[in-house]
Amino acid sequence: MSTAAVTGVCPECETDLTLPPLIEGETLTCPECMLTLRVEAIENSRLTLQMVEVQLRDWGQ
Ligand SMILES: [Zn+2]
């Protein structure tokens, strides 16, 4: 029986993460640095993770 786990590296703290199957665009929280990460791409069970920038809509208008 094989579980289709995927792996990725946190771009912030460079922790190796092993995760249950995710889909592109899904978000997760890094257990080390608690940053919110988004799945940008999945290739051969390797995730490309990107920090989710918190959009501060402070335009002063
Ligand atoms: Zn991290």
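Q: Why does asparagine 44 count as exposed?
A: Asparagine 44 has 6 C-beta neighbours inside 10 Å. A residue is exposed if 12 or fewer other C-beta atoms lie within 10 Å of its own, buried if there are 20 or more, and partly exposed in between, with C-beta atoms placed from the backbone. A count of 6 falls in the "12 or fewer" class, so asparagine 44 is exposed.

Q: What kind of model is this, and how are the residues numbered?
A: This is a predicted model, where local features need pLDDT of at least 70, side-chain atom pairs count only at pLDDT 80 or more, and totals for chains, interfaces and linings use all residues. Residues are numbered from 1 along each chain as its sequence is written.

Q: Why is serine 45 called partly exposed?
A: Serine 45 has 13 other C-beta atoms within 10 Å. That count sits between the exposed and buried cut-offs, so the label is partly exposed.

Q: What makes the backbone of these two worth a look, and where do they sit?
A: Asparagine 44 has a positive phi of about 50° although it is not a glycine. Serine 45 also has a positive phi, near 65°, and is a residue other than glycine. Asparagine 44 is in the loop between β4 and β5, and so is serine 45.

Q: Which label does threonine 36 get, buried or exposed, and why?
A: Threonine 36 has 12 other C-beta atoms within 10 Å, and "12 or fewer" takes in 12 itself, so the call is exposed.

Q: Where is threonine 36, and what does it touch?
A: Threonine 36 is found in strand β4, residues 36–43; a strand here is a DSSP run of E with at least two residues, a helix is a run of H or I with at least four, and both are numbered from the N terminus. Setting aside residues up to four places away in sequence, threonine 36 touches Thr27, Thr29 and Val52. A contact means that two C-beta atoms, placed from the backbone, lie within 7 Å. Glycine 60 is 24 residues from threonine 36 in sequence and 26 Å away, C-alpha to C-alpha.

Q: How many helices and strands does the chain have?
A: Zero helices and five strands, running β-β-β-β-β from the N terminus on.

Q: How do you know that β1 and β2 pair, and in which sense?
A: Two strands pair if DSSP finds at least two bridges between them. Strand β1 (residues 6–9) and strand β2 (residues 16–19) have four bridges, so they pair, in the antiparallel sense. They form a hairpin with six residues between them, and glutamate 14 in the turn has a positive phi of about 60°.

Q: What joins β1 to β5?
A: Two bridges do, and the strands run parallel. "At least two" takes in two, so β1 and β5 count as paired. Glycine 8 has leucine 47 as its bridge partner in β5, and leucine 17 as its bridge partner in β2.

Q: How do you know that β3 and β4 pair?
A: They share three bridges in the antiparallel sense, so the two-bridge cut-off is met. Leucine 28 has leucine 37 as its bridge partner in β4.

Q: What is the strand order in the sheet, and why are β2 and β3 called edge strands?
A: The open sheet of five strands has the order β2-β1-β5-β4-β3, with mixed pairing. β2 and β3 (27–29) are the edge strands: each pairs on one side only.
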